[in-house]
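Q: Please examine the model below and explain how its structural terms are justified.

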Amino acid sequence: MISSTKVTPLVNNPDRLERRLKEIPAEPGVYLMRDGSDRILYIGKSKKLRSRVRSYFRNTQPLSPRIAMMVRQVAEIEFIVTDTEAEALALEANLVKQHQPYFNVLLKDDKKYPYICITWSEDYPRIFITRKRNLRKEKDRYYGPYVDVGLLRSTLHLLKQIFPQRQRPRPLFKDRPCLNYDIGRCPGVCQQLVSPQEYRHTVQKIAMVFQGRTGELIDILTRTMEQAAEALNFELAAKIRDQIKGLNALSADQKVALPDDTVSRDAIALSADADHACIQLFQIRAGRLVGRLGFFAEVPSGGIELGAILQRVLEDHYQTVDAVEIPSEILVQHELTDTELLADWLSEQKGRKVTIIVPQRQTKAELIEMVERNAKYELERTQKFADRNTKAMQDLAAILDLPDLPHRIEGYDISHIQGANPVASQVVFINGTPAKQHYRHYKIKNPTVTIGHSDDFASLAEVIRRRFRQYKDVGAGLTDTISPQTDNLTKPALSNHQENPDVGAGLTDTISPQTDNLTKPALSREQGISNDFPDLIMIDGGKGQLSAVVAVLQDMNLLDKVRVVSLAKQREEIFLPGESFPLPTDAEQPGVQLLRRLRDEAHRFAVSFHRQQRSNTLRRSRLDEIPGLGFARQKQLLAHFRSIDYIREASVQQLAEVPGIGSRLAEDIYSYFHP
């Protein structure tokens with residue numbers, strides 16, 4: 001057996017500390033501080049590594065309580081030398097994102113604010129709103145995150161009217177453009193009626209709006225309009241004139257009173273409580289507020305310097321923007337921890353001097369106060385939303401007698417029309433908030449569910465079995481960890497259910513609430529259950545649907561690992577396994593409202609997927625069902641026979657005369673229509 005020994009902190013070994021500090025060079029780079037267990041405590045950067053690291057251990061220099069606590073734990077210091085300060089800044093940002101050290105400022109990526117994504121990696125770039133920032137494709141560009149979602153959607157909608165662009169993620173028709181092309185809203189991307197180079201030129205104009213360069217774009221379009229008018233191309237000039245009017249309307253109500261409207265500025269401020277900090281960044285170009293971005297940061301216990309939070313946000317933000325988006329002046333609420341390094345790096349990126357100042361009076365200070373006020377409102381709004389969710393989860397835990405707050409709740413629903421196109425939905429709420437990245441769709445595969453014959457009980461049972469099949473063996477193994485007393489109490493209920501497998505509702509008749517709580521500690525993440533295992537399952541329906549799900553979970557040895565309830569629509573009643581009557585609850589209770597939001601979301605998600613499947617079925621041609629008959633050959637058949645009715649009446653010889661249709665495929669087509 002190998003035993004690990006902790007290394008003594010450097011502050012307790014002055015000789016070793018001094019030797020280590022002398023080994024650090026006076027060059028730019030990144031330093032990593034580790035504790036006695038080799039865990040990274042902090043990652044920093046500096047233009048002179050030796051001076052920065054030595055400053056932590058000077059007795060004459062006072063440290064904040066948080067930094068002092070960190071220094072007392074440092075047992076080893078590593079460093080990475082870089083050629084320039086810019087490389088040190090980029091390397092530090094990557095290492096912080098990778099290791100997430102406790103004493104660093106960590107920005108939250110909780111899908112709170114949306115981004116605009118332009119997929120430059122594609123021949124015909126797409127423009128869409130997303131809350132998930134995926135950086136796997138280097139050419140794709142993300143703008144944001146934007147605070148005002150409504151304004152962002154209206155801006156994107158208006159840009160679609162000003163500049164012709166692809167309006168749909170997928171073509172509506174296979175061989176012709178849709179109505180958007182006829183009315184001038186789309187240049188015909190689906191049928192490649194516009195070249196990739198020409199279309200990318202249009203998208204570049206749209207990108208200038210999100211870069212805060214609307215004024216520059218208007219100047220370019222004005223010159224182009226004048227040239228078109230001089231060349232007597234009045235149709236093009238009128239089209240550009242309408243685009244300019246639309247761009248002017250886009251920024252008409254975004255005026256900020258600044259005396260100097262020739263300098264581009266970013267103003268950043270924050271508001272913080274004991275746990276989180278809300279940061280707002282206002283982008284001001286030519287005196288106009290063109291963008292309002294929002295960020296959230298974790299505040300470690302013991303507090304943190306507000307300037308360090310602003311420093312981390314600015315570094316993280318400007319590493320993902322183009323050089324033309326970097327302003328000439330940055331107004332900050334608090335003094336940054338390393339202003340000179342950040343200013344030098346931004347100046348190098350932009351190619352012009354970038355200044356970072358803390359305004360103290362007059363108009364610029366008032367602007368910072370306005371940004372801080374917006375950050376405060378956003379933090380308060382977020383706190384109210386979090387408090388509401390916490391109260392709802394506490395009330396739900398009290399209603400269901402749960403030992404802890406339900407961190408992950410999953411809701412399930414079935415959607416179909418008389419058995420046609422049956423589908424199911426799985427929605428997930430984490431801490432009372434929808435987590436759409438965990439949503440799932442299911443197509444019902446049960447052969448007994450057909451048109452005219454639906455079976456919601458069997459469909460729910462199938463979905464639950466497919467969802468938890470990876471935990472079947474884990475559930476069986478976890479029963480060995482239950483204490484003998486608890487195991488004895490639960491065995492009669494399991495044996496009763498095994499004798500009568502059709503009675504799912506009687507599974508927990510003999511289990512008292514105290515016994516049910518005793519089985520909960522058997523569930524452990526370290527014992528094989530991953531973080532996507534739910535604390536609570538909600539079924540949309542009554543006792544019948546609940547019984548079907550309970551039978552499946554008991555068969556998989558998972559019933560005592562997760563609580564499952566159903567919510568009936570008629571009176572918003574909550575049913576528990578084995579209970580004939582619903583729980584005595586009020587429909588307006590916070591916990592019941594949480595389940596209602598979950599139920600409504602599961603219903604919405606299932607219905608939308610069902611409509612999609614039904615639309616695909618209605619649009620599908622009968623020729624799609626013939627094996628080996630692709631889209632190109634379908635076009636040849638229809639061009640030759642004009643309709644499916646004539647194809648049905650054709651003989652094998654007539655079918656084989658169509659170019660590309662051989663004798664074997666002709667026989668398959670004939671056999672399909674004449675089984």
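Q: Which residues of helix 10 are buried?
A: In this predicted model, the buried residues of helix 10 are G307, A308, I309, L310, Q311, R312, V313, L314, E315, D316, H317 and Y318.

Q: Why is helix 10 described as largely enclosed by the rest of the structure?
A: A residue counts as buried under 20% relative accessible area. In helix 10, 12 of the 13 residues are buried, so the helix is largely enclosed by the rest of the structure.

Q: How do you know that the span of helix 10 (residues 306-318) agrees with 1.5 Å a residue?
A: The expected span is 1.5 Å times one less than the number of residues. For the 13 residues of helix 10 this gives 18 Å, and the end C-alpha atoms are 19 Å apart, which agrees.

Q: What does the corresponding comparison give for helix 12 (residues 362-400)?
A: Helix 12 has 39 residues and reaches 57 Å from its first C-alpha to its last, close to the expected 57 Å.

Q: Why is Q362 called exposed?
A: The term applies over 50% relative accessible area. Q362 has 62% relative accessibility and therefore counts as exposed. This residue is found in helix 12, and its phi is near 65 degrees, a positive value in a residue other than glycine. Just after helix 12, D401 also takes a positive phi, of about 60 degrees.

Q: Why is N431 called partly exposed?
A: Partly exposed covers the range between the buried limit of 20% and the exposed limit of 50%. The relative accessible area of N431 is 39%, so N431 is partly exposed. N431 is found in the loop between strand 14 (420-430) and strand 15 (433-434). Its phi is positive, about 55 degrees, although N431 is not a glycine.

Q: What makes strand 5 (residues 115-118) and strand 6 a pair?
A: Pairing requires at least two bridges between two strands. Four bridges join strand 5 to strand 6, and the two run antiparallel; the requirement is therefore met. Among the bridge partners, I118 is matched with I127 of strand 6, and C117 with F128 of strand 6.

Q: How do you know that strand 5 also pairs with strand 7?
A: Three bridges join strand 5 to strand 7, again in antiparallel fashion, so the threshold of at least two bridges is satisfied. In strand 7, C117 has Y142 as its bridge partner.

Q: Why are strand 6 (127-130) and strand 7 (141-143) said to stand at the edges?
A: The three strands form an open, antiparallel sheet in the order 6-5-7. Strand 6 and strand 7 each have a single partner strand, so one side of each is left without a neighbour in the sheet. Neighbouring strands here are turned by 30 degrees against each other on average, direction ignored.

Q: Which helices pack on or lie across strands of this sheet?
A: Helix 5 (residues 149-162) packs on the sheet and touches strand 5 and strand 6; its direction makes about 170 degrees with that of strand 6. Helix 7 (residues 196-210) lies across strand 5, strand 6 and strand 7, and runs at about 160 degrees to strand 5.

Q: Which way do the residues of strand 5 point, and are they buried or exposed?
A: Y115 and C117 point one way, I116 and I118 the other way, and all are buried.

Q: What makes the peptide bond from G144 to P145 notable in its geometry?
A: This bond is cis, with omega near 5 degrees. P145 lies in the loop between strand 7 and helix 5.

Q: Which residues touch the most other members of the largest nonpolar core?
A: In this core of 57 residues, they are I116, F210, L247, I279, I309 and L314. Helix 7 gives the most to the core, with seven residues.

Q: Which residues does L247 touch, not counting those up to four places away in sequence?
A: L247 touches L159, I162, F163, V209, T214, L217, I218 and L221. Apart from the largest core lies another, of 27 residues, including V463, F468, V550 and F575.

Q: How many helices and strands are there, and what share of the chain is buried?
A: The chain has 22 helices and 19 strands. Of its 675 residues, 45% count as buried.

Methods
Residues numbered from 1 in each chain as written. Predicted model: local features only at pLDDT ≥ 70, side-chain atom pairs only at ≥ 80, totals over all residues. Heavy atoms only, no water. Axes fitted to C-alpha atoms, helices over the stretch in contact; angles between N-to-C directions. Contact = heavy atoms within 4.5 Å. Buried < 20%, exposed > 50% of the residue type's maximum accessible area, 1.4 Å probe, protein only. Core = buried A, V, L, I, M, F, W, Y, C linked by side-chain atoms within 4.5 Å.
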